[in-house]
Amino acid sequence: MLSISFITGTLLLSSASHLAFAQVNPFTWSGVRYDCKCSDLDACWPSASVWSALNATVGGNLQKVVPDAAVCYNTFEGTNTYNQAACQDVTRNFNGQDWQSDRAVSNHWMLWTNNTCLPTTNRNAVCSIGYLPRYVIMAKTRDHIKAGIDFARNNNIRLIIRNTGHDFMGRSTGYSALAINTHSFKSVQFTQRYTGPGGWTGSAVTVGAGIQGRELLRLANQQNPKVAIVTGECPTVGFAGGYIQGGGHGPLASYYGMAADQALSYEVVTAAGEFITVNADSNPDLFWGLRGGGPSTFAALVSVTVKTYPETPAAGLVLSLNSFDQNTSWRGFAAFHNLAPRWVENGMFVYYELFGSFLNIRPFVGVNMTRTRINEVVQPLYDQLRSLGIQYTATVTEYQTFFDLYTALFQDESAGVTSLVGGRLFTKRDINANGNAIVDAMRRSGAGFVGHIVGPRIGLAAVDNAIHPAWRDAASFSITSVNLANNATWAQKQQAQQQLTNQIDAPLRDASPYGAAYVNEGNLEEPNWQTAYWGTNYPRLLELRQKWDPQGVFYARTTPGTENWEVVDYGRRLCRKL
């Protein structure tokens, strides 16, 4: 039994409990012996009084998780929860990404919650917690983050760091976990001249861990003079969290580089519960790893300082093929995709969606381009489409700033999806040598694609960080997916994962030997994921993980140092192989 005392509001463990992190919680699954994190299925799970003490430590900001849609059911875990008006509100907003982002623990991609408490009109149905965390700290200060990390470490509890829940891969949820919600960390401070380490003397911004892409761009647009920042394409993506730790591509990445390339300094809480500054001078090894080494791997971010750039005019192009025939769409797509190296070599980003005969290319982003210039760059595509007899409509608009283009042409996306995702990063080398075969592999996969023509520019300066070296020759990154029914069984989920890995993603891998995978938007069953996600950088990342989190306090699947960890017992236990 742990001995717990409280001094000046901080949770302290007596010397008798200093070995809590090494607590053995044995479990055998499918004949394999494991040592597991403590869950509410286990005798080692902290008592109610221990959780109450943690709540006092974090100023009353600890919540026991109740699914948002529980208000649509008569009861949840024996407590009356039905509220007609609240249920209508949840149902109306459930597929909205902004609404989901503001929840305590909800996920944009509901597959990872196990879909056990969705909005319903049948109030007599059963609502269970599924794979949601059991408790969440709605953190308001960095001390709250530290308290959560210390508690998880000392009590052998699975820990989740959650900002928005915008995560294709389910890393911001976990059965019987303690979550730390950082969404309230909205501080933003701009400076016109950065004077810290790293050699950058231009403008910069320091942002808290709760900031999202579009709100950061709005604030940047309000500066005098206006500035631009490399953020994600989707407006709701949290900026200072898994996005930048995983690398971070977006509409400005072909022009300025990846988001992680812009990082100048971090304020973090380590797995040991220490507050440290991480930059080129202070903890430079961790600085290298935090820039692309993976989400929830080395530390919990409190804030990050990144480069900003003077705003520039921009031109946007929306291209539509006037055909509903699949063969025509694929010929047009091949003409477009085979020119991806040309797009990125001209500093352009392109977003597209390809589902059967539906091809939507919206938009081509031309930073610092005019209507005339963007048409000149895209002219070879126009010529090819005409030679193929494919009619098209191209609409070009000039904007005073990139921000104006972004708000006009990038559309909001929906949440509430039940799907598995995968994908592939295609290099210029592969497309130039094997472009038609890549497109043929995409077609044979039978999948739909959400694509990003992006190639991080490194001509401005040398970049040394943890991002897979293949990104430096990148031309196209495509996301694949397999949709499932909300009530899919465990066996059906496993079958869908096999389909994604072996039927959809495998042909893409085979057609692009110099390509890679992307840790933030990838396949959780990616073969040889260490090399696929990080290439030659992986051994160094593994050493960093062993240095900064030797106990495995942080966990996100397929990130450095998680080889011996596995979620077993039908998704309920996080365990280390013995």
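The second largest cavity is lined by Gly246, Gly292, Ile467, His468, Trp471, Ala517, Tyr518, Val519 and Tyr533. The model in which this cavity was found is a predicted one. The space in the second largest cavity comes to about 40 Å³. By class, its lining divides into 6 nonpolar and 3 polar residues, with no charged residue.

Two residues of this lining, Trp471 and Tyr518, also pair through their rings. The search of the whole structure returned 29 aromatic pairs. A pair of this kind is described by the distance of the ring centres and the angle of the planes. In the pair of Phe336 and Phe364, the centres are 5.9 Å apart and the planes are at 80°, an edge-to-face arrangement. Phe336 belongs to helix α9 (residues 326-337) and Phe364 to strand β20 (residues 358-367), so this pair ties together parts that are 28 residues apart in sequence. Both Phe336 and Phe364 are buried. The pair of Trp471 and Tyr518 is likewise edge-to-face, with 5.3 Å from centre to centre and 80° between the planes. Trp471 is placed in the loop between β23 (449-453) and β24 (474-483), and Tyr518 in the loop between α14 and α15 (529-534), so the contact of the two rings ties together parts that are 47 residues apart in sequence. Trp471 has a relative accessibility of 2% and, because this is under 20%, counts as buried. Tyr518, with a relative accessible area of 3%, is buried as well.

Phe336 and Phe364 are also members of a cluster linked by ring pairs, which includes Trp330, Phe333, Trp343 and Tyr352 too. Phe364 in turn is one of the residues touched by Gly316. Gly316 is part of strand β18 (residues 314-321) and is buried, at a relative accessible area of 1%. The C-alpha atoms of Gly316 and Phe364 are separated by 5.5 Å, although the two residues are 48 apart along the chain. When residues up to four places away in sequence are not counted, Gly316 touches Ile374, Thr395, Val396, Thr397, Tyr399, Leu405 and Leu409 in addition to Phe364.

Ile390 lies in the loop between α11 (371-387) and β21 (392-399). A relative accessible area of 5% places Ile390 among the buried residues. Its C-alpha atom is 7.1 Å from that of Leu321, a residue 69 positions away along the chain. With neighbours within four places in sequence left aside, the contacts of Ile390 are Leu321, Thr328, Arg331, Gly332 and Leu385.

Gln97 is found in helix α3 (residues 97-101) and is buried, its relative accessibility being 3%. Apart from residues up to four places away in sequence, Gln97 touches His108, Trp109, His166, Cys234, Thr236, Glu413, Ser414 and Ala415.

Charged side chains were also found over aromatic rings. The charged end of Arg123 sits over the ring of Tyr82, at 3.8 Å from the ring centre. Arg540 lies over the face of Trp288, where the distance to the ring centre is 3.7 Å.

Empty space left between the atoms is shown by rolling a probe the size of a water molecule over them. In this structure, 2 cavities of 30 Å³ or more are present. The largest cavity holds about 120 Å³ of space. Its lining is made up of 15 residues, and those nearest the centre are Pro67, Met110, Thr113, Cys117 and Leu132. Of the residues lining the largest cavity, 8 are nonpolar, 6 are polar and 1 is charged.

The second largest pocket contains about 1,000 Å³ of space. It is lined by 39 residues, with Trp490, Leu524, Glu525, Arg557 and Val567 lying nearest the centre. At least two lining residues come from each of β4 (32-36), α14 (490-511) and β25 (565-568). The most is given by α14, which supplies 5 residues. The lining of this pocket comprises 19 nonpolar, 10 polar and 10 charged residues.

Methods
Residues numbered from 1 in each chain as written. Predicted model: local features only at pLDDT ≥ 70, side-chain atom pairs only at ≥ 80, totals over all residues. Heavy atoms only, no water. 1 Å grid on protein atoms, 1.4 Å probe; cavity = no way out; pocket = protein on both sides within 12 Å on 5 of 7 lines; lining within 4 Å. Points joined across faces, edges and corners; volume = space filled by probe spheres on them. Helix = DSSP H or I, 4+ residues; strand = E, 2+ residues; numbered from the N terminus. Nonpolar A, V, L, I, M, F, W, Y, C, P; charged D, E, K, R; others polar. Buried < 20%, exposed > 50% of the residue type's maximum accessible area, 1.4 Å probe, protein only. Contact = heavy atoms within 4.5 Å. Phe/Tyr/Trp six-rings, centres within 6.5 Å; stacked < 30°, edge-to-face > 60°. Lys NZ or Arg CZ within 6 Å of the ring centre and 35° of its normal.
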